[in-house]
Amino acid sequence: MTAPQVELRNMTKRFGANLALNNVSLLIRSGTVHALLGENGAGKSTLVKCLVGFYHPDEGHIQVDGREHRLNSPKDADALGIGMVYQHFTLVPSMTVAQNLVVSGARLPAYINWQSELRRLAEVTKKLPFHVPLDVRVSQLSAGEKQKAEIVKQLYLGRKLLILDEPTSVLTPAEADEVLGHVRSLTRTGVLSAILISHKFHEVRRFADDVTVLRRGASVRTGAVADLTDDALAEAMIGEPVSKIVQHAPKSPPRSDIILSISDLRVNGDNGLPAVKDLSLEVRAGEIVGIAGVSGNGQLELVEALMGQRDRSGTMTVSGSPFNGTRREIARLGVYGLPQEPLKNACIDRMSLAENLALRNFDRVPLCRGIAMNYGALAQQAERLVAQFRVKAPSLTASMSTLSGGNVQRAVLARELTQDVRLLVASNPTFGLDFVACEETYRRILEARNRGTAVLLISEDLDELLGLVDRVLVMSAGRIVHEVSAEGADKRVIGKYMAGMKAA
Amino acid sequence: MDSTSIGWFSLPLAILGGAIRVSTPFIFVSIGELITEKSGRINLGLEGTLMLGAMAGYAISYLSGSPWLGVLSAGLAGMAFGLLHGLLCSVKRVNDTAIGISLIVLGTGLAFFLGKPLIEPKAPPLPSIGLGFWSTVPQVRAALDVNALFFVGIALAFAVYLFLNRTGWGLMLRTVGDSEDAARALGFPVLRVRIIATMAGGFLAGIGGSFLSLSYPGSWSEGLSSGQGIMAVALVIFARWRSVNALGASLLFGGAGALGPALQGIGVTGYYYLFNAAPYILTLAIMVASTSRAAPFADAPGELKLHR
C-alpha cells in the first residue's frame, strides 16, 4: 500500500488581521477520498495551499505516514508526493500533452529526442487508467480531456496524495462521473489518497469517504460521509439550520404570450467559424427556460448575440418587436441580463458602486434631465438598492472592484431586477458564488418569474438548472439538440446530449 | 560573356544579391525579437539597440582592427541594452511599450553622441565570401558576394529552432511565454527567464546593427538604419514566431528593400521613392493581413496577450 495517511493538526494562518485558518485539524486516511466542503472564503484554498507548500502556516503540524514534515516550498511537497490539480488548468496551451509532461518532470532534460521520448511516455501512460492523446496540443483538447491530462500529469509525476480543487466544474455529468470514478478506484486500490474540494453534495456523497466542513477558517464538522445527511452538511456550511429556500413550488401555468422569439439564429465565434447554427426557441411570460450544455458549445456567443454584443443573422423579437440590443429597445421592451462573471461583463470595475447601480437608467429622469446629471438622485437610488438587496460594500463611492463576488452579483441583481423586466437573460449567474449568494440569486430569479417575467437561464450546472426551470433545452455544437420539461427529466439522457449525442 | 549581354536578367540577379545583403540584419534582429517574444515580452526598443550595436561595432573594429571583435562588442552592447529593458520591465506597473520606445530614443541618441568622432574614419569591414567565382559576369559575381554574417544567420535560424523544440531550456522558455500560471506552478523563475531572453534578443539585435556599419552600407553615419528594428516586430508576427520562417521572411523583406537600388541599376529612375518604400508597404500589408478577425494570432505566445 503506497497511499499515504496525512494528518493536519492545529493549522492556523493569519493574513494581517484576517484569521484565514483557525486551529484546523483533519485526518486523511490512507487510500480514501476526503472531501473538503465550505463556502467561498471558508479557508479551503488556504488549507490546501499550506499542504502544497505555497503558504507557511503560522502554527500547526503536518504528518505524513506518522512522520512530521516541514513544508517550506512546493519542492518539499513534491518530494513527499503531494500534488494539486487546480481549477484553472496549469497546462501550457500551445504545447502538446507529451511536451507538457516532459516540462513538468522533476528535472528538465538538456536535450530531448522526441521520438524516443514519445515512446517512453506512451509506455508509462499505458499503465494508467486514463487515456489522453499524447501529441495533441492542449489548446485543442476539450475541458474534460484537459482535466484528465492534468490528472495524468500528476500520476506521471508519481504523486501519492492528490488534491482536486473543484475538478468537475467544467465537465459534463458523464465526464465528471468518469474522472471522479477513476480517482476513487485509484484510492481504493491503494495507489493514492485524495482530497476533493467541492461544493456539490451529490459528488461528495458518491465519491468521498470522509468529509470535513470548514466555516470561517474553522473546522465545524468532520467525519465519514455516510454518517452525515445533506441537511447536516448544509447547516454546518452556513451555520444556521437550512430550510430549502428554493421551492420548486406549484406555479401558475405560463401565460400564453410569447415574450422572446428567436428563429434561425446564426452567430459566428471569434475564430470566424459558426458558433450558433440555425437556433430557434421561444420563451413565454412567467416561464423559465433553461439551456444546458458544456461550456464552449455556443452559449457564450448566443448570449452575446441576444444582448447585442455580437453580430448575428436570423430574427429575434421581444413581445413581437424586432430586438437589436439598442438602448432604447432595451428600455422599451424590458430586456435585462445577468451575465456570467458580472464584474467583467455587467459592471465597470473602476467606477463606483453608485455609478454602476445607475448604468441602466442614468440617462433617464430622475437621474438625468436633458444633459444635466442629478447626482443626488443617483446617490439616493444607490442607497435604496443597497439596503433592499443587502449589498455589502465599504461605501457607495467605493470602486466596484473592491466588492466580493457575491456582492457584485447582488448589485447587478439590484440594478437589473428593479427595472421593468419583461425578459431576463441569465447566464451562469451563480458561477463562483458561495452557497448563500447562490440561494439568494435563485430566489430573486424565481420572484421575477412569478411576477410574469420570461426568463432564459443558461447554465453549465445541470443540478442548478433542473432545480429552477420549467423547460430544459440542451445545446451542443451550436444547436438545440434536445428539449424536455423539467419534471421527469432524466439527467443521464440530458448528459448524453450535452456530450454530443445527436438529436434523435 | 559581355556584361551588357545579360540584359534584363541583371534585375533578378540584383534583387537576389540585394536580398541576401539587406536581409542579414533582419535575420538577426527578428530572431532576437522572436526569442524575447517567446518568453512573453515585446521589446520595441530594438531600433535603438541596433544603432548602438552599429556604433559600438564600428568603433571597436576601427580601434582594434578586427571586424569580428567589433561584431562581438556590438552584441555585448546590445545585450546590455536588453538587460536594461528586461530589468525596467520587471518592475510592477511599468508599461513595456513605453520602455521600448524610450529605449529607441536612448539608444539612437547614445549612438549618435558617442559616434560623432567615427563619421570620418574608415573601419575594417567584415569579410565576404565570393560565391560567384564560377562566373565571369561582374553582375553575377557582385550578386553572389555573400557576407559571412549571412551564413551565421542561417545557422542561427536552425540553431534556434533546435533550441526551442528539442531542449529543456527551450521548453521552459515557451512555457514562461505561453502561460505564466503554468510556469509558476512548475516553479520556473519567470522574471529571470524573461530578462535573459531579452538580453539574448538584444545581443542578436546588436550583431544585426554591426552588419549595417561593417558590411553594408559599411560606414558609420546617422542615417544608417532604415527602421529595421521596428520592422522586425512585424516580421516576427509574419513568421508566426518560428525561426526558420523568420529566415524566409527576412529574405523577402531584403528583396523588397533591394528593389529600389536594383531598378536604378538597370536604368529605371522613375518612381524612386515609391520603390524604396517597398519594404514599408510590405510591412503594412502584412500587418493588415495578419490581423484578420477570423484567425488572430493563434500561434502567438499566450502571455503577449495579442488575442482577445
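Two residues count as in contact here if their C-beta atoms, placed from the backbone, lie within 7 Å. By that yardstick, the contact draws 21 residues from chain A and 19 residues from chain B. On the chain A side, α2 (74–79) and α3 (97–103) each give at least two residues, and α3(A) has the largest share, 3 residues. By class, that side has 12 nonpolar, 7 polar and 2 charged residues (Ala, Val, Leu, Ile, Met, Phe, Trp, Tyr, Cys and Pro count as nonpolar, Asp, Glu, Lys and Arg as charged, and the others, Gly among them, as polar).

A word on what you're looking at: this is a predicted model, where local features need pLDDT of at least 70 and side-chain atom pairs count only at pLDDT 80 or more, while totals for chains, interfaces and linings use all residues. Residues are numbered from 1 along each chain as its sequence is written, and chains are lettered from A, with ligands numbered from 1, in the order in which they are written.

Now to chain B, with its 13 helices and 2 strands (DSSP runs numbered from the N terminus: H or I of at least four residues for helices, E of at least two for strands). Of its 308 residues, 50% are buried, meaning that 20 or more other C-beta atoms, placed from the backbone, lie within 10 Å of the residue's own.

Helix α2 (residues 46–64) of chain B is worth a look. Of the 19 residues in α2(B), 16 are buried, so the rest of the structure largely encloses this helix. Right after α2(B) comes G65(B), with a positive phi near 85 degrees.

Note on methods. Buried ≥ 20, exposed ≤ 12 C-beta atoms within 10 Å, placed from the backbone.
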